[in-house]
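Reader: Before I rely on any descriptive label for this model, I would like to see the value behind it set against its definition. Could we go through them together?

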Amino acid sequence: MSSGEDRLFAAPRDPLLKFTFDEHVAGVFRDMIERSVPGYATTLSMIGVLAARYGRPGSICYDLGCSLGAATLAMHRHLKSGDISIVAVDNSLAMIERAAKLDTGKRDVRWLCRDIRDVPIERASVVVLNFTLQFLNPADRGRLLKKIFSGLLPGGILVLSEKIKFADEQENARQIDWYHAFKAANGYSEMEIAQKRNALEDVLIPETPETHHRRLAEAGFASSHVWFQCFNFISIIAEKADAELG
Ligand code: GEK
């Protein structure tokens with residue numbers, strides 16, 4: 001997966017258009033996400049670990065909002081059985097065209113250029129939303145989680161990674177400040193940080209961890225646990241109770 005360097009917001013942009021996952025973004029996406037999401041590499045490694053732990057023969061793993069397919073590749077490499085297929089979905093053609101070139105051996109991997117709200121989920125053992133739910137209209141998020149819950153086999157999991165906000169304003173400001181320090185340390189200028197932030201306004205809509213846990217419970221998940229946090233980024237594992245274990 002080669003990637004150019006992300007300099008998309010380095011020069012002043014006027015007008016500053018809203019952020020979209022177009023050809024330009026797809027071309028630099030790997031560099032962009034690695035320098036913009038603290039712990040991104042860790043989320044991918046653990047998605048591999050969790051796929052090995054929860055992936056069941058005969059089931060399907062889903063990578064919803066797969067971008068260049070990094071989580072799909074992590075699952076493919078760690079799944080213990082060849083008899084587990086992967087469905088990877090993204091509504092950006094520029095992303096899917098690149099992702100579909102990944103080498104996933106003999107595994108049945110379907111790359112779908114679709115809206116994740118329209119894709120059926122069935123016989124799922126692992127569903128991954130790695131920094132994708134945040135781009136959906138909040139009004140649609142509950143319905144998607146309910147669909148995922150229904151499509152999961154008992155004992156299956158959802159991995160939900162998100163940029164978050166904090167209910168306490170001071171806490172929120174502090175965490176964002178630390179996050180911007182992380183971006184600056186990764187070579188982004190003040191202008192790049194400010195322009196990207198503005199372009200993402202109303203496109204990436206973060207919510208509090210409490211909202212995520214409540215929505216997961218409403219969707220049917222008996223438990224949801226934060227397994228990772230770095231500044232204002234978290235990842236949650238939500239498990240569908242195994243009928244046999246109760
Ligand atoms: C990774 N998971 O590398 N339907 C389908 N795709 C969507 C939708 C939608 N409604 N909305 C947004 N996307 C990846 C990283 S990036 C995260 C995920 C980020 C897609 C969008 O096209 C983009 O590729 C992805 O979700 C979000 O592990 O850029 O911060």
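Reader: Is the crossing of H5 and H8 left-handed or right-handed?

Author: The crossing of H5 and H8 is right-handed, a word used when the near helix is turned clockwise from the far one by less than a right angle, anticlockwise being left-handed. Please bear in mind that this is a predicted model, in which local features need pLDDT of at least 70 and side-chain atom pairs count only at pLDDT 80 or more, while totals for chains, interfaces and linings use all residues. Residues are numbered from 1 along each chain as its sequence is written, and side-chain values use heavy atoms, with hydrogens and water left out.

Reader: Why are H5 and H8 called oblique to each other?

Author: The axes of helix H5 (residues 138-151) and helix H8 (residues 209-219) cross at roughly 45° and come within 8 Å. Angles under 35 degrees count as roughly parallel, over 145 as roughly antiparallel, 65 to 115 as roughly perpendicular and the rest as oblique, and H5 and H8 are therefore oblique.

Reader: What makes H6 oblique to H7?

Author: For helix H6 (residues 169-185) and helix H7 (residues 190-200), the axes come within 10 Å and cross at roughly 125°, and that angle makes H6 oblique to H7. H6 passes H7 in a right-handed crossing.

Reader: How do you know that the side chain of tyrosine 40 makes a polar contact with the ligand?

Author: A polar contact is a pair of N or O atoms within 3.5 Å, and an N or O atom in the side chain of tyrosine 40 is 2.6 Å from an oxygen atom of the ligand. By that cut-off, aspartate 115 also qualifies, with a side-chain N or O atom 3.1 Å from a ligand nitrogen. The ligand exposes 660 Å² when taken alone, of which the protein buries 94%, by the Shrake-Rupley method with a 1.4 Å probe.

Terms used
Polar contact = N/O pair within 3.5 Å; in protein donor to acceptor, adjacent residues only side chain to side chain. Axes fitted to C-alpha atoms, helices over the stretch in contact; angles between N-to-C directions. Helix = DSSP H or I, 4+ residues; strand = E, 2+ residues; numbered from the N terminus.
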